[in-house]
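Thanks for making time this morning. I would like to walk you through one structure, going from a pair of charged side chains outwards to the packing around them.

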Amino acid sequence: MDTKRQYAILAVVLLLSIFASPFPTTAQSPDAASLTDREVENLVALAKLVGYVRFFHPSDQAANADWDAFVVAAIPDVIAA
């Protein structure tokens, strides 16, 4: 496995651990080894975007948003993009 892919998977794992909310038992989470390079790139882009908006956007809406629910809901759409 190349270094870029390892870092991308690490970024996704860290993102999910930051937003550690329990996944529903009916949800099917993809295995990291089964993700294509494009899907990994999409998840890394989501992680960066969420980090920028969550921690640097100067609005009350960003501060009050339920980021855990947003990330969990966004992952399937981001993988499919």
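Let me begin with Glu-41, which is partly exposed, with a relative accessible area of 39%. Please keep in mind throughout that what you see is a predicted model. The partner of Glu-41 is Arg-38, and the side chains of these two residues meet in a salt bridge, with a nitrogen-to-oxygen distance of 3.6 Å. That value falls inside the criterion, which asks for a side-chain nitrogen of Lys or Arg within 4 Å of a carboxyl oxygen of Asp or Glu. Arg-38, for its part, counts as exposed, at 53% relative accessibility. When the whole structure is searched, one salt bridge is found.

Why can such side chains pair at all? In general, side chains of opposite charge can do so when their charged atoms come close. The placement along the chain also matters to the picture here: Arg-38 and Glu-41 are three residues apart in helix H2, which covers residues 37-56, so about one helical turn separates them. As a general point, an α-helix has 3.6 residues a turn, so residues three or four places apart point the same way.

Now to the helix itself. The 20 residues of H2 should span 28 Å at 1.5 Å a residue, and the C-alpha atoms at its ends are indeed 28 Å apart, so the expected and computed spans agree.

Which residues of H2 are buried? They are Glu-39, Val-40, Asn-42, Leu-43, Val-44, Leu-46, Ala-47, Val-50 and Gly-51. For the chain as a whole, 30% of the 81 residues count as buried.

What does H2 pack against? It packs with helix H4, residues 67-80, at an angle of about 155°, the two axes being 10 Å apart. Since angles over 145 degrees count as roughly antiparallel, H2 and H4 are therefore roughly antiparallel to each other, and their crossing is right-handed. On the H2 side, the residues that meet H4 are Glu-39, Asn-42, Leu-43, Leu-46, Val-50, Val-53 and Arg-54, while on the H4 side they are Trp-67, Phe-70, Val-71, Ala-74, Ile-75, Val-78 and Ile-79.

Three positions in H2 deserve a closer look. Val-40, which sits in this helix, counts as buried at 4% relative accessibility, and its C-alpha atom is separated by 7.7 Å from that of Ile-79, although the two residues are 39 apart along the chain. Asn-42 is also buried, with a relative accessible area of 11%, and, leaving aside residues up to four places away in sequence, Asn-42 touches Val-78, Ile-79 and Ala-81. Leu-46, finally, counts as buried at 6% relative accessibility; with the same sequence neighbours left out, Leu-46 touches Phe-70, Ala-74, Ile-75 and Val-78. The C-alpha atoms of Leu-46 and Ile-75 are separated by 8.1 Å, with their positions 29 residues apart along the chain counted as the separation.

Let me close with the overall arrangement. The protein chain has four helices and zero strands, and its pattern, read along the sequence, is α-α-α-α. Among the contacts with a separation of 6 or more, 80% are accounted for by residues 24 or more positions apart, and the contacts of Leu-46 with Ile-75, a residue 29 places away, give one example of such a pairing.

Notes: Residues are numbered from 1 along each chain as its sequence is written. This is a predicted model: local features need pLDDT of at least 70, side-chain atom pairs count only at pLDDT 80 or more; totals for chains, interfaces and linings use all residues. Side-chain values use heavy atoms; hydrogens and water are left out. Helices (H or I, at least four residues) and strands (E, at least two) are DSSP runs, numbered from the N terminus. Buried means under 20% relative accessible area, exposed over 50%, partly exposed in between (1.4 Å probe, protein chains only). The expected span of a helix is 1.5 Å times one less than its number of residues. Axes are lines fitted to C-alpha atoms, for helices over the stretch in contact, and angles run from 0 to 180 degrees between N-to-C directions. Angles under 35 degrees count as roughly parallel, over 145 as roughly antiparallel, 65 to 115 as roughly perpendicular and the rest as oblique. A crossing is left-handed if the near helix is turned anticlockwise from the far one by less than a right angle, and right-handed if clockwise. Contact means heavy atoms within 4.5 Å.
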